[in-house]
Amino acid sequence: MAELHLNYLNIPARGELTRLLCAYGDLPLSETRYSFREYFAAKAELDLPFNQVPTLHVDGKVFAQSIAIARYVAKRVGLYPSNALLALAADSVVDAISDVYSEVCPVVYAKMDAETRATKLAHLNTNVLPNALAALERRLAGDYFAGESLSFADIYLLDLFDNVVAGFPGQITVPTQAYPKLEALVTALRKSDKLHAYYASKL
């Protein structure tokens with residue numbers, strides 16, 4: 001079996017979906033986690049196919065792009081639909097959540113003056129996140145986003161709730177009560193035996 005090693009920053013952001021998938025699927029994953037300072041100091045020496053992290057090392061080969069990495073891992077652990085139409089449904093949700101990350105990460109992690117950050121956070125809290133969560137709530141017709149089985153799209157929703165919606169207290173302030181189907185799915189996943197050890201390790 002191919003050995004996996006993830007290189008990323010010591011934050012959830014673009015690496016957490018892969019970590020969660022490996023944890024859920026009991027797939028061993030070794031990691032190198034960098035602080036921002038460590039990453040920029042080492043960047044010139046790293047093998048970065050697209051000049052950024054995360055990267056995944058698989059049997060000596062290096063791959064990049066967070067969603068491509070997560071999709072590969074999802075296939076390895078049985079969380080990527082084999083049916084083409086269900087795969088499309090899962091991928092569309094994953095891309096939608098990834099779009100949210102693309103809006104949020106530059107605001108919460110980048111350096112900027114307080115007034116600019118406040119303006120950008122207001123846009124996230126009143127437009128970007130409510131619109132995205134409402135769309136996801138509409139897409140969740142049953143227990144899961146892609147048919148009757150759990151997929152990596154559902155795990156990515158958990159990641160979004162834990163590490164964006166609840167991940168920046170005082171900055172991201174969107175209430176989730178208006179999205180009961182999403183809340184129910186996330187609550188069930190948090191209580192999953194498959195993720196219990198992973199969450200316990202983060203305490």
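Which helix gives the largest share of the lining of the second largest pocket? In this predicted model, that share comes from helix H7, residues 180–190, with five residues. The second largest pocket holds about 170 Å³ of space. Among the residues that line this pocket are Tyr-24, Leu-140, Asp-143, Lys-181, Leu-185 and Ser-192. Sorted by class, the lining of the second largest pocket has eight nonpolar, two polar and two charged residues.

The largest pocket comes next. Its volume is about 460 Å³, and 21 residues line it. Of these, Tyr-8, Leu-9, Arg-14, Val-53 and Cys-105 lie nearest the centre of the largest pocket. Three elements each supply at least two lining residues: strand S1 (4–9), helix H2 (36–42) and helix H4 (84–109). H4 gives the most, with five residues. The lining of the largest pocket also draws on two domains, taking at least three residues from domain 1 (4–78) and at least three from domain 2 (84–192). By class, 14 residues of this lining are nonpolar, five are polar and two are charged.

Val-53, one of the residues nearest the centre of the largest pocket, is also part of a backbone feature. The peptide bond from Val-53 to Pro-54 is cis, with omega near 10°. Pro-54 sits in the loop between H2 and strand S3 (55–58).

The model also has cavities. By the rule applied here, there are two cavities of 30 Å³ or more. The largest cavity has a volume of about 40 Å³. Its lining includes Ala-13, Arg-14, Glu-16, Ser-66, Tyr-156 and Asp-159. Helices H1, H3 and H6 are the elements that give two or more residues to the lining of the largest cavity. This lining has five nonpolar, three polar and three charged residues.

The second largest cavity encloses about 30 Å³ of space. Among its lining residues are Pro-12, Ala-13, Tyr-101, Cys-105, Asn-163 and Phe-168. H4 and H6 each give two or more residues to the lining of the second largest cavity, and the largest share, five residues, comes from H4. By class, this lining has nine nonpolar residues, one polar residue and no charged residues.

Ala-13 appears in the lining of the largest cavity and again in that of the second largest cavity. Ala-13 is found in the loop between S1 and helix H1 (16–24). It has a positive phi of about 35°, although it is not a glycine. Is Ala-13 buried or exposed? Ala-13 counts as buried, because its relative accessibility is 6%. Gln-65 is another residue other than glycine with a positive phi, near 80°. Gln-65 lies in the loop between strand S4 (61–64) and H3. At 35% relative accessibility, Gln-65 counts as partly exposed.

Cys-105 brings up the matter of disulfides. A disulfide is a covalent bond between the sulfur atoms of two cysteines. How many disulfides does the model have? The count comes to zero. Cys-105 is in no disulfide, and the nearest cysteine sulfur, that of Cys-22, is 20 Å away. The cut-off for a disulfide is 2.5 Å between the sulfur atoms, so the sulfur of Cys-22 is too far from that of Cys-105 for a bond. Both cysteines are buried: Cys-22 has a relative accessible area of 3%, and Cys-105 has one of 16%.

The aromatic side chains can be followed next. The count comes to seven aromatic pairs. One of them joins Tyr-80 and Phe-152 in an edge-to-face arrangement, with 5.5 Å centre to centre and 65° between the planes. This pair links distant parts of the chain, as Tyr-80 is in the loop between helix H3 (66–76) and H4, and Phe-152 is in helix H6 (residues 152–165), 72 residues apart. Phe-152 is buried, with a relative accessible area of 0%. Elsewhere, ring pairs link Tyr-34, Tyr-39 and Phe-40 into a cluster.

A last stop is helix H5 (residues 114–139), where Ala-134 lies. Ala-134 is partly exposed, with a relative accessible area of 24%. From Ala-134 to Gly-147 there are 13 residues in sequence and 19 Å in space, C-alpha to C-alpha.

Notes. Residues are numbered from 1 along each chain as its sequence is written. This is a predicted model: local features need pLDDT of at least 70, side-chain atom pairs count only at pLDDT 80 or more; totals for chains, interfaces and linings use all residues. Side-chain values use heavy atoms; hydrogens and water are left out. On a 1 Å grid over the protein atoms alone, a cavity is a set of points where a 1.4 Å probe fits but cannot get out, and a pocket is an open set with protein on both sides within 12 Å along at least five of seven lines; lining residues have an atom within 4 Å of a point. Grid points are joined across faces, edges and corners, and a volume is the space filled by probe spheres set on the points. Helices (H or I, at least four residues) and strands (E, at least two) are DSSP runs, numbered from the N terminus. Ala, Val, Leu, Ile, Met, Phe, Trp, Tyr, Cys and Pro count as nonpolar, Asp, Glu, Lys and Arg as charged, and the others, Gly among them, as polar. Domain bounds come from an automatic or database domain assignment. Buried means under 20% relative accessible area, exposed over 50%, partly exposed in between (1.4 Å probe, protein chains only). Rings of Phe, Tyr and Trp (its six-membered ring) pair if their centres lie within 6.5 Å; planes under 30 degrees apart count as stacked, over 60 as edge-to-face and the rest as tilted.
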